[in-house]
Amino acid sequence: MTATPLGRDYRLLWSAAVSSRFGDALRTPALALLAATLTRDPRAVAVVTVAGQLPPLLLGLLGGVYADRWDRRRTMALVDALRAAVVAALAVTVAVDRAGVPALVATAFLLAALGVLFDAASFALLPTLVPAPALPAANGRLQAGTALAGGLLGAPLAGVLFAVSPSVPLTVDAATFALAALLTLALSRSATGPDGREGRRGRDSAGRSVWREAADGVRWLRGEPTMWRITLLSAGTNLAISALMAVLVLYALDVLRMPPAGYGLFMAAVVFGGLAGALGAGRLAGRLGTTPALRAVLVAQTVALVGFALVRHPVPAGLALAVFAGGSTVWNSLWAAYGQGRVPTALLGRVGATQRMAALLTAPVGATLAGLAGAAYGVGPVVGAAAVVFALVTLAAWRALRPAAPAPDDAEPTTAGTAARPGPLRSR
């Protein structure tokens, strides 16, 4: 598996993704800091955050349709060029002291909406760049690169650049989008699909309703039992993960008695755990097979999360959380590879978008419930409840992903394994 060459086009796509993620890690805290400098109204600050979370839920299926209609290489390059222009415009507005909360809201929404189309096209493009046996390793390396660029490089640098000038992190972000667009354009023209017929797909579907095309992706996913089960399991784990993340900082400070100065090191353990998991995903799939590996990962995560809920010292808690984060990136890599190796090329954008939407629907529910329960009972019980939910999902997975006797022409590949979260503890 690890000896399988990934090739020039994959290296270009990896570089584009890492460049873009680095810019994201600079922009996201910059938007939050800008909002806080413009107003102290929590409702206004929250609106900026919500504006960036709505597009994947509102526009996800449409993004999948157009990722399947249009040339994916050109679509990704155009989207990154547009995102560069949007962020550059905000940087100029901030530099001349004309930015307001409405401008931040509009920017957050536009970038997230464009990101929906980019993510769908990127998910569909990857299996045309690398051999099927290398998909778990390819997805793992993508996750590792984006985790490194975002968690270890971009996030610590964001505050420093913002202190220099609020427009600086935005300017750098615009440059990273422009670089990503150029790297994507450098992909070979044949990389848009194995048969090079993306343009024909667009012409053939021109007379059809976009919603009818979106429904094709939903129906295909519902008709593939294993992929549908994995999607539902991801939705269940996201309920627990989003609840955990909603109270994590309070849990670390109030329950684990961690000093505020140590919280950065605590979260660094999460980044390193996610990085290790991403780099090991391909080897694990090659050794166990994809669905057995997914079951094993959930077991390891359950043990880690239960341990995190029981210990009361920052060091073992940090280690447990690192293991949990590593499992998340392994799951994401294998889930993506499993779908990319099975979905027809013409449906990859729509099926991937359907999976992401279904898996992400539970994230706001988990965060909301965690906030309400934490206010009523404290954050300790919330973490315990998240561990219980995760354990129940693992029990369901142990049965739902149980290997069946494969037919001779439909055996489950053990070297090729779909998701949604680039970071180690983001919703799947």
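In this predicted model, helices α5 and α6 pack at an angle of about 120°, with their axes 6 Å apart. The two helices are therefore oblique to each other: the angle lies neither over 145 degrees, where a pair counts as roughly antiparallel, nor between 65 and 115, where it counts as roughly perpendicular. On the α5 side, the contact is made by Leu 161, Phe 162 and Val 164, which meet Val 168, Pro 169 and Val 172 of α6. By class, the contact of α5 with α6 comprises 6 nonpolar residues, with no polar and no charged ones.

Helix α5 itself covers residues 135-164. At 1.5 Å a residue, its 30 residues should span 44 Å, and the C-alpha atoms at its ends are 41 Å apart, so expectation and model agree. Along the way α5 carries a kink of about 45° at Gly 154, shortly before the proline Pro 156.

Helix α6 (residues 167-185) also packs with helix α1 (residues 7-38); here the axes come within 8 Å and cross at roughly 160°. The pair α1 and α6 is therefore roughly antiparallel, and the crossing is left-handed. From α1, the participants include Leu 12, Phe 22, Asp 24, Leu 26, Arg 27 and Leu 34, while those from α6 include Pro 169, Val 172, Asp 173, Phe 177, Leu 179 and Leu 183. The contact of α1 with α6 contains 13 nonpolar, 6 polar and 3 charged residues. Pro 169 and Val 172 of α6 thus appear in the contact with α1 as well as in the contact with α5.

Further along the chain, helix α14 (residues 362-377) is followed by helix α15 (residues 379-400), and their axes come within 7 Å while crossing at roughly 135°. This pair, α14 and α15, is therefore oblique too. Ala 370, Ala 373, Gly 374 and Tyr 377 of α14 meet Val 379, Pro 381 and Val 382 of α15. In the contact of α14 with α15, 6 residues are nonpolar, 1 is polar and none is charged.

A single residue offers a closer look at helix α4. Val 105 lies in α4, which covers residues 101-125. In sequence Val 105 and Thr 49 are 56 residues apart, yet their C-alpha atoms are 8.0 Å apart in space. Leaving aside residues up to four places away in sequence, Val 105 touches Val 47, Val 48 and Ala 51.

Conventions: Residues are numbered from 1 along each chain as its sequence is written. This is a predicted model: local features need pLDDT of at least 70, side-chain atom pairs count only at pLDDT 80 or more; totals for chains, interfaces and linings use all residues. Side-chain values use heavy atoms; hydrogens and water are left out. Helices (H or I, at least four residues) and strands (E, at least two) are DSSP runs, numbered from the N terminus. The expected span of a helix is 1.5 Å times one less than its number of residues. The bend at a residue is the angle between axes fitted to the seven residues ending there and the seven starting there. Axes are lines fitted to C-alpha atoms, for helices over the stretch in contact, and angles run from 0 to 180 degrees between N-to-C directions. Angles under 35 degrees count as roughly parallel, over 145 as roughly antiparallel, 65 to 115 as roughly perpendicular and the rest as oblique. A crossing is left-handed if the near helix is turned anticlockwise from the far one by less than a right angle, and right-handed if clockwise. Contact means heavy atoms within 4.5 Å. Ala, Val, Leu, Ile, Met, Phe, Trp, Tyr, Cys and Pro count as nonpolar, Asp, Glu, Lys and Arg as charged, and the others, Gly among them, as polar.
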